[in-house]
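Below is a set of questions on why certain labels apply to a protein model, with answers that go back to the criteria behind them.

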Amino acid sequence: MHTQIKNNFLFYTFMLFLCLNSFFLPTTIAQVGDGPGVGSASENYTFETIDVPGVDFLALTASSDFEDYAGYTKSADGEKEVAFTLIDGVFMTYDFPGAQNTYFYALGNDGRAAGYYEDSEGLHHGIILEDGELRQYDFPDAVQTEIYGISDATGVLTGTWIDADGVRRGFTGDTSLEFPGATATFADFVNSDGNLFASYIDADGFFQEYAYSSDGRYVAFDLTNAENLEFFYVHGVNDALVRVARGKVFGDVIRTYLGTFTDGLQELKVPGGVSTQGYNINQDGSVVGFYETPDGLRHGLSPNPLKSLINPFSKSVVSTILTRVLMCRA
């Protein structure tokens, strides 16, 4: 009963975001000139590097609630990229038969990992690791499938698929996602209530952000500097509605952004790193990803928020929503 009440509260909270979207639009990425950098979330985080002895290329892209990890690394001969899991301290690599490259981007609390492999023609096909075995998963009618999320609450997969005409859409479970008027729609991760935040490409060719509710509603969050962005992907959102995204301004390196809808997005960067790439955010606000050093190596990364920031993230969002609800009712 307690869980049901909590889920209903969070669901209606999300609905209020949709109702009050004019308050939250647009989404701002802090910038200096042509690139991001004014706002910084880094001072509010401690950075933990996650390495594996003998492995100098560790692209960490997913984690479970038990501090297990998944991602991709270089093969032993260095000729291609292969998926890996790091569970209970045991490092294992996975190379789908006949694949050019294999990647994991999702890891569930049940031990399942998922992602996609690149076949001999360069096409992508979803893969799921279960009980130590890899199996292929293709979304219905898809020519290409990429899996980016596993829901611990429902077990459904989330990702993107491309049809025979080359149109990219998102999916969650059996539901195909296509933002109205978009030329391409992406999907990455749903939170425990089935709500999703991701990106799409509009009719002008610009990346924008959108939300998709568990009852099938879409709402747009326009990026104020969309014309400067080569790409922008929203990778995850927790139940406190703090989201993590990766973006790239033309001519710049890939950067990670973190924030709430009240505070906007700010850059999260590892001190001394060339590029920081965050792929997942946990309920406690910790982020999972990797960073690149000047020598070209990649290191696993888990930035952890200072404890004093965990509750205020949630309180600030909920407080703002309730305030706006009272204003609407008045």
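Q: In this predicted model, which residue of strand 22 stands opposite G247?
A: R255 in strand 22 stands opposite G247.

Q: What makes strand 21 and strand 22 a pair?
A: Two strands count as paired if DSSP finds at least two bridges between them. Strand 21 (residues 243–249) and strand 22 (residues 254–260) are joined over six bridges, so the criterion of at least two is met. Their pairing is in the antiparallel sense.

Q: Why do strand 20 and strand 23 count as edges of their sheet?
A: The sheet is open, with four strands in the order 20-21-22-23 and antiparallel pairing. Strand 20 (229–237) and strand 23 (264–268) each have a single partner strand, so one side of each lacks a neighbour in the sheet. On average, neighbouring strands of this sheet are turned by 30 degrees against each other, direction ignored.

Q: Which strands stand at the edges of the open sheet with the order 3-26-25-24?
A: This sheet has four strands and antiparallel pairing. Its edges are strand 3 (45–50) and strand 24 (275–281); each has a single partner strand, so one side of each is left without a neighbour in the sheet. Here too the turn between neighbouring strands is given as an average, 30 degrees with direction ignored.

Q: How do you know that strand 3 pairs with strand 26?
A: Six bridges link strand 3 to strand 26 (residues 298–305), in the antiparallel sense. The requirement is at least two bridges, so the two strands qualify as a pair. Within this pairing, I50 has G300 in strand 26 as its bridge partner.

Q: What joins strand 10 to strand 11, and how do they run?
A: Strand 10 (residues 124–130) and strand 11 (residues 133–137) run antiparallel and are joined by five bridges. L129 stands opposite L134 in strand 11. The two strands form a hairpin with two residues between them. In the turn, D131 has a positive phi of about 55 degrees.

Q: Why can E48, D65, E67, D152 and D284 be called a negative patch?
A: Asp and Glu count as negative, so each of these residues carries the required sign. Patch members need over 30% relative accessible area and no salt bridge, and like charges are joined within 9 Å. E48, D65, E67, D152 and D284 form such a negative patch on the surface.

Q: Where does D65 lie?
A: D65 is in the loop between strand 4 (58–63) and strand 5 (69–74).

Definitions and conventions. Residues numbered from 1 in each chain as written. Predicted model: local features only at pLDDT ≥ 70, side-chain atom pairs only at ≥ 80, totals over all residues. Heavy atoms only, no water. Patch = residues over 30% accessible without salt bridge, like charges linked within 9 Å, V, L, I, M, F, W, Y side chains within 5 Å. Areas by Shrake-Rupley, 256 points an atom, 1.4 Å probe, with all protein chains shown as cover. Salt bridge = Lys/Arg side-chain N within 4 Å of Asp/Glu carboxyl O. Charge placed at Lys NZ, Arg CZ, Asp CG, Glu CD. Axes fitted to C-alpha atoms, helices over the stretch in contact; angles between N-to-C directions.
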